[in-house]
Amino acid sequence: MALTEGWGIEPHSIEYLPVGAGSYHWSVVDQRGTAWFVKVDDPGVEDAGFDDAFDRVGRSFGAALALRRDAGLDFVLAPIPTATDAAVWRLTSRYALSVFPMVAGVAGQFGAHRPEDRVEVIDLLTELHEATSIVADTASRADLVLPGRDKLEEALQDLDREWTGGPYAEPARKLLSVHAGQVQRLLADFDRRVDQVRNTAAVWVVTHGEPHPGNVMRTPAGLRLIDWGTVQIAPPARDLWMLTPALARMLGEDPDGDVDDVLARYTRATGRTVTSAGLALYPLWWRLADIAIFVDELRRPHGPGGHIAASLTYLTGYLESSRD
């Protein structure tokens, strides 16, 4: 068994945990009564991309391990290294296995941070960003390429004929047809922002990528930042935009509180000025990346109900909420 070979863990009991998204999780108790949080990642890519995807997961988790072990960042909930000091184990050609300590605590839900929590979170991100030199050669660098853009642009060129992938394909085509001009303008705006942000590459930092409340765990020992699969060297705004009103607006919520003091706190601590171009780029990146995912899913062969029905609902929400 991989747990025994990779970590010397002899399982006594294994319980599936229906938590998180995009990965599979189990609670494993070993023969000595120690509990472990076991994670299996599916990169969700085509067969030809599995090696690259595994390498990205390995580099991200390896960076998290270095941040905790070498930079001394106790709030980084990093994986336990294998017997060969690797952060992940290649379980199969498709799946990556990692093991974490089982920590007592409660994570929040995806959404905007509460005003009363923002100072704590900005202080964690300040410490993280200041540790960039520790992982400069480990973490991958952001390429500022929008994932799934090729499929989205292909769909935009395929609006003049019926989509036949399944019951939600044609409704998706009609919806995208109404908003095609809007999506094209968002893509053009994205490209302009990328050009502005790329010029700041000399002052990029190590970023978590998704420091929303769902990835912040409150424990008896303090806050822990979890889910390190998206680590990159990138503009500070890749993390910091999630503490601005932009996230609430993207989710159709009313922004709560003034974030200027929080960003000023970050600048005082780090000496870095957070650019408006960066803060504008990442909400746009998130919106367009989700739109691309949902459009691609809805064009592919599918049946009724379940996850794919939700994709149409989410796509409608994104497009209708940003109507020209």
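Two strands are said to pair if DSSP finds at least two bridges between them. Helices (H or I, at least four residues) and strands (E, at least two) are DSSP runs, numbered from the N terminus. The model is predicted: local features need pLDDT of at least 70 and side-chain atom pairs count only at pLDDT 80 or more, while totals for chains, interfaces and linings use all residues. Residues are numbered from 1 along each chain as its sequence is written, and side-chain values use heavy atoms, with hydrogens and water left out.

**Exercise 1.** Determine how β1 and β2 pair, and place β1 in its sheet.

*Solution.* Step 1: β1 pairs with strand β2 (residues 23-30) in the antiparallel sense, over six bridges. Step 2: within this pairing, Tyr16 has Trp26 of β2 as its bridge partner. Step 3: the open sheet has five strands in the order β1-β2-β3-β5-β4, and its pairing is antiparallel. Step 4: β1 (11-17) and β4 (89-90) are the edge strands; each has a single partner strand, so one side of each is left without a neighbour in the sheet.

**Exercise 2.** Describe the connection between β8 and β9.

*Solution.* Step 1: strand β8 (residues 216-219) and strand β9 (residues 222-225) form an antiparallel pair over four bridges. Step 2: the two are joined by a hairpin through two residues. Step 3: Arg218 stands opposite Leu223 in β9.

**Exercise 3.** Is Ser311 buried or exposed, and which residues does Ser311 contact?

*Solution.* Step 1: Ser311 belongs to helix α12 (residues 306-321). Step 2: buried means under 20% relative accessible area, exposed over 50%, and partly exposed in between (1.4 Å probe, protein chains only). Step 3: Ser311 has 1% relative accessibility and therefore counts as buried. Step 4: contact means heavy atoms within 4.5 Å. Leaving aside neighbours within four places in sequence, Ser311 is in contact with Phe294, Glu297 and Leu298.

**Exercise 4.** Assess the protein chain as a whole: what is its secondary structure, and what is its radius of gyration?

*Solution.* Step 1: the protein chain contains twelve helices and ten strands. Step 2: its radius of gyration is 21 Å, close to the 20 Å that the globule rule gives for 324 residues, so the chain is as compact as a globular protein of that length. The radius is taken over C-alpha atoms, and the rule is 2.2 Å times the number of residues to the power 0.38. Step 3: of the 324 residues, 48% count as buried. Step 4: of the contacts with a separation of 6 or more, 69% are between residues 24 or more positions apart.
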